[in-house]
Amino acid sequence: MRPLLGGGLPPPHVRAWYSYAFAAEVFSACALAIFLPITLEHMARDVGVGGPDWTVPCNDLEEDGGERVCRARILGVWVDTASFSMYVKSIAVATQAICIISVAPLADSPYWRKRLLVTFAYIGSISSLLFLPFATPPAFAALLTIIGNVAYAVSIVCANAFLPGLAREDPDVAAALKASQGDGDDGVIPETAYARASVDEEARSLLPETLVPAVRAISAQDLADAPALEGSATTHHATLLSLTMSRLSSTGVALGFLSGVSVLTLLVIPVTVMHGTTASLRLAIGLSGAWWAVFTVPSWLGLPSGPKEPVQGRAGEWLSTAWKRVGGMIKPREIRALPNLFTFLLAWIFLSDGFHTTTYTAILYASSTLGMSPSKIILIGILVQLAAVFSSILAPRVQKRLGYSNQRLLLHIVLFAEAIPLYACLGLILPFGGLRTEGEMYVAATYFGLLYGPFNSYSRAVYAELIPPGHESTFFSLFSLTDKSASFIGPAVVGVIADMTGNIRLGFVFLLVMLALPVPVLLRVRVRRGREDATAWAAARTVSAAAPLLQAVQ
């Protein structure tokens, strides 16, 4: 096995790419997941009113021990304070989906890709820093939140667009490409068994030893075991390229987790010292943005670029091209050729939205209904992430012991996840339990984290089994797009429910249904038949026919 460059460190371009994961995931784990939702809710509550005649300030209601139902007038519209945060989240996700699709043609270019990444990174970090200097009105805070969400999502898409190029720079991938182009199938194909060791080695050079199994758990090692066109040097190169991209991606995810949890833990200090005030939350958001800005500098300096390229056509033309490309990926012809893959994607849209909305709803429920302090909600976030890493490491061992397939284990994870909204709904009919205490929230957070880690890993693993060999980058781009763009329905519906009833707990009824709907869809997926369809699909495409589709989403 080849040694890693620089005495155990990855090559410079890869280090620069890792630096961006280290920078941006702090904003995701701290600001997007924890501080922005409760800050928006706090800001709305600060200007909100409640009571029988809707004239008592919300903060006075809390001090008097009254009901926590509170409404605020924002942009001329009365909304529940918890719903306000939900609506902002929904608008942000829908907007980022539009932006992600629209910038795709520019992200194809090495020159514009890097500049887009840096530009959106600093737009997002500045939007966070603007929370620092003064108390912003809720409407302006909502605008900054939407800008931050969109900037983060677009920058991550640009960052992921570097993966194929970085993987092609790998010496083993370059050698496999040379073998497929030069010697053809008569050449000796090296073994791919080193891929897992390569994942471990690279992770150990950057991360604590305890996180190495987690990196392996979230990598696409299953792709190495998937059926391939044996004896083909071309297929070997495609599989090796995919595994190398997975190694880079999973190590980046682990680095992002490490930075996110570390900074989140440190931010407990100022939030606690300042007694969880809105000012302390604004400080936490600003510091997250500052971290994002500072650690983007190595990526700015170190990521590869290319010669300056003019934008092809007018703005309307490349926007039209971007949307046509997405439409080309979901043509009826492709759906008929890969029915199991697209059936899984349909289930994934509901599953992804359901899990993300559960997280967001639980945080706002803890803040608005249980009145948990921000420092306690930070602890909930830390518990979820630590439990997710632990379960990601443990899940493959449990799977091996039970003899479950990836699909069967994923199905059980979804069924177990139903317990959280179901238990919360019990609070509507029982006088005890049903997420009424802080202790229950801590237990629920740990339980959810234990499911959330394997949910992400095994969703990806099942999908990987259904992907045509040699087209992993294309179809994983579609997987990421549905993940990032479909999660606006859940927050909007929960927001409407809380707005109409004044009780965010009723949102868990919707989440119970939302997590149940994809179960029969998931049961319709036939993985073995899907593999056969994927192999036939790949074999039927020539290299020239596959190139335009690959270019559309890389």
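1. In this predicted model, the loop that runs between strand S3 (71-74) and strand S4 (77-80) is where Leu75 is found. The phi angle of Leu75 is near 55°, which is a positive value in a residue other than glycine. Leu75 counts as exposed, because its relative accessibility is 76% and the cut-off for that class is over 50%.

2. A second residue to look at for its backbone is His275, whose place is in the loop between helix H12 (233-273) and H13. Phi of His275 is near 60°, again a positive value in a residue other than glycine. With a relative accessible area of 71%, His275 is exposed.

3. Turning to the aromatic side chains, the count comes to 16 aromatic pairs. One of them is formed by Trp291 and Phe295, with 4.6 Å from centre to centre and 40° between the planes, and this pair is tilted. Both residues belong to helix H13 (residues 278-302), where they lie 4 residues apart, about one turn of the helix.

4. Are Trp291 and Phe295 buried, exposed or partly exposed? Trp291 has a relative accessibility of 23% and therefore counts as partly exposed, since buried would require a value under 20%. Phe295, for which the relative accessible area is 28%, is likewise partly exposed.

5. Another pair is made by Phe355 and Phe448, whose ring centres are 5.8 Å apart and whose planes meet at 35°, so that this pair is tilted; the reason is that planes under 30 degrees apart would count as stacked and planes over 60 as edge-to-face. This pair links distant parts of the chain, as Phe355 lies in helix H16 (residues 339-368) and Phe448 in helix H20 (residues 438-465), with their positions 93 residues apart in the numbering. Both Phe355 and Phe448 are buried.

6. Which residues do ring pairs link into a cluster together with Phe355 and Phe448? The cluster also takes in Trp348, Tyr452 and Phe455. A reader who has located the buried residues Phe355 and Phe448 can therefore use them as a starting point for finding this cluster in the structure.

7. A last point concerns a charge and a ring, namely Arg113 and Phe162. The charged end of Arg113 sits over the ring of Phe162, at 5.3 Å from the centre of that ring.

How values were computed
Residues numbered from 1 in each chain as written. Predicted model: local features only at pLDDT ≥ 70, side-chain atom pairs only at ≥ 80, totals over all residues. Heavy atoms only, no water. Phe/Tyr/Trp six-rings, centres within 6.5 Å; stacked < 30°, edge-to-face > 60°. Helix = DSSP H or I, 4+ residues; strand = E, 2+ residues; numbered from the N terminus. Buried < 20%, exposed > 50% of the residue type's maximum accessible area, 1.4 Å probe, protein only. Lys NZ or Arg CZ within 6 Å of the ring centre and 35° of its normal.
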